[in-house]
Amino acid sequence: MSKFSTAESLHRLVKEAIDSGAASTIGEAQQMFRTFRLGIEINEGEAQSATHQAALLTAVALSRRVFLGGVIVSCPRPTPLAVPLPLARTLGEAVTQLGGTLGEPSIDDPLLTIGGPPKLQYRRFNVRTVYSGWCGGVVPANSDFTFPSRDTVPLAPMLAAALAVNEAFSFVRTGSSAAGRQPVGLSLWNPSPRSDWMVDSEREPILAYLPASLWVVGLGHLGQAFLWGLGLLPYPSSAQLELVLQDIDIITPSSESTSVLSEASLIGRRKTRAMSAWAEQRGFTTKIVERCFDPHFIRRSDEPSVAFCGVDNALARQALDQVGFDFIVEAGLGRGYQDFRAMRLHTLPGPLAASSIWRNGDRSEGTESRPGYQKLLADGDLDQCGVTLLAGKAVGAPFVGSIAACLALSEILRLLHGGRIHQLIDLDLKGMEHRNVVLHPADFSAINPGFVATGSAP
C-alpha cells in the first residue's frame, strides 16, 4: 500500500475538533474521539423485521465511523438476515462485519434503541427510532409516541438511524443536555417544514416503483450513501437495476471516516471498481466511467437518463445540465467545522442554469491559523504547502451524507410515483425545523426514465 499524506489520512470528523479549536493537536483530537462510545440495542421481536434490521445495520455502519471508542450492539445473534444488503447470513454476523461489537452496552454509554415500544429511561441519553410509510425519525426512548403499523419505505429506517447517530454525536461531542430530548424526523414524501412527520398520512403512496437505471456521479461520501440506500430498496429481481458509476479517485485512509462502503481493505483501490464490486454483489448490473465529469461529456441515448451527483467540485456541478440528462438530483454538504451538518439539494433542469448556481466556486473557512495546524508546521511534520492542503480538506460526518442521500433518492422515487419535485432543499441538522424547501415549478410528469415494479403496484 502506498504512503498517503496527512491530508489523505486524517479522519474527517476528528478534523472538526482541530478546526474548531477544541483540540490543539491531531493527537489530542484523536484521543477525544477514542473516548466516544455508543450502545445500540434491538429486541428479539424487532430483530425479525427487515425494516428494523435496516435501521440497526445503518446505525452500526455509520456510528462505528464516529464513535472511535467502540459501538457495542445487543441483538439476537442467530437471527437470519432479512435485508437485501450483501452481508453475512445472520444479523449478529452482519453487525460484526460492519464494525460493531456484540455485547451489552455499558450503563454509561449513550444508547440507541431500534424500534419497539416506549421504555423506561435510566440513561442520560437514550433515543428510539420510529418509522412508518415515508416518515422516519427518533424520539426519547420513554416517549409514548408510536406509529400505526404500515408498509414502510426502506429509506425511512435509514433516515431514522442517521438522525439517531447525529443526536448521539451531538451529545458526546458537546455534552448538550438537549440532545435526544425532542422528537426529530422528516417525511421523505413531503419534507416541507409545514409537514408534521409524526402524523401518519394516508396520502403517502405505497412504494410501488423503483428506478430501472441510474447514473451516479461521484462515489465518495454522498455516492456511497446513495448506493447503500439503493441496496435497501426491495427490488424483486436485483439485476433489474442498471448503474453507471463515475469517479476518478481512489479510496484513501480518510475515505473510511465518511464513506459508508469504504473499508481499510479497499484503500488504494479505485472507487469505481470497489463500488462496482459491491453493487454487483448486491445483484445490480454496473458499468464504470473513469474520466472527469465536464461539459465535454455527453450522455448517449441508450444510457441512464436520471443521474445523482455527489461530487465536491463546483466546476463539475456547473456542467450537470449540459450533458443530456433528463432529470438530475444533486447534493452538496457543508465543508467546515461550523456547517458540516448542513446539506443542500437541487433538482435539474431548473429555472437557474447549473453554471449560475455554482458560479462562485468553493469557499474555505481559513483555519490554517488554528493551533493544531501551526504545531504541525512548527514541529516540521508538514511544510506550509502540506498545512494548506490539510486545512482545505472538508470536515465530514457519515450520518450527514446518509440523510442527504435519503432525500435525494426520495426525489427520484417521488418522480416515479407522480409526486411533486423539489427545486431546492436546504437543511442543517443543528436546526432542522428551519429548513427551506422549495417546490419545482416545472412539470416532470412526461419523463419516463424506466421503472421496476416492486409487487405492490396497484
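**Strand 13 and its setting**

Me: How many of the seven residues of strand 13 are buried?
Reply: Strand 13, a DSSP run of E (at least two residues, numbered from the N terminus), spans residues 327-333 and is mostly covered. Taking buried as under 20% relative accessible area with a 1.4 Å probe and protein chains only, the number of its seven residues that are buried is six.

Me: What kind of model is this, and from which number are residues counted along each chain?
Reply: The model is predicted, so local features need pLDDT of at least 70 and side-chain atom pairs count only at pLDDT 80 or more, while totals for chains, interfaces and linings use all residues. Side-chain values use heavy atoms, without hydrogens and water, and residues are numbered along each chain, as its sequence is written, from 1.

Me: Which residue of strand 14 is the bridge partner of Val329?
Reply: Two strands pair if DSSP finds at least two bridges between them, and strand 13 is joined to strand 12 (residues 306-309) by four bridges in parallel, with Val329 as the bridge partner of Phe308. Strand 13 also pairs with strand 14 (residues 342-348), antiparallel and over six bridges. In strand 14, the bridge partner of Val329 is Thr347.

Me: What radius of gyration does the protein have, beside that of a compact globule?
Reply: The radius is taken over C-alpha atoms, and the globule rule is 2.2 Å times the number of residues to the power 0.38. Because the protein has 458 residues, a compact globule would have a radius near 23 Å, and the protein's value agrees with this, at 21 Å.

Terms used: Buried < 20%, exposed > 50% of the residue type's maximum accessible area, 1.4 Å probe, protein only.
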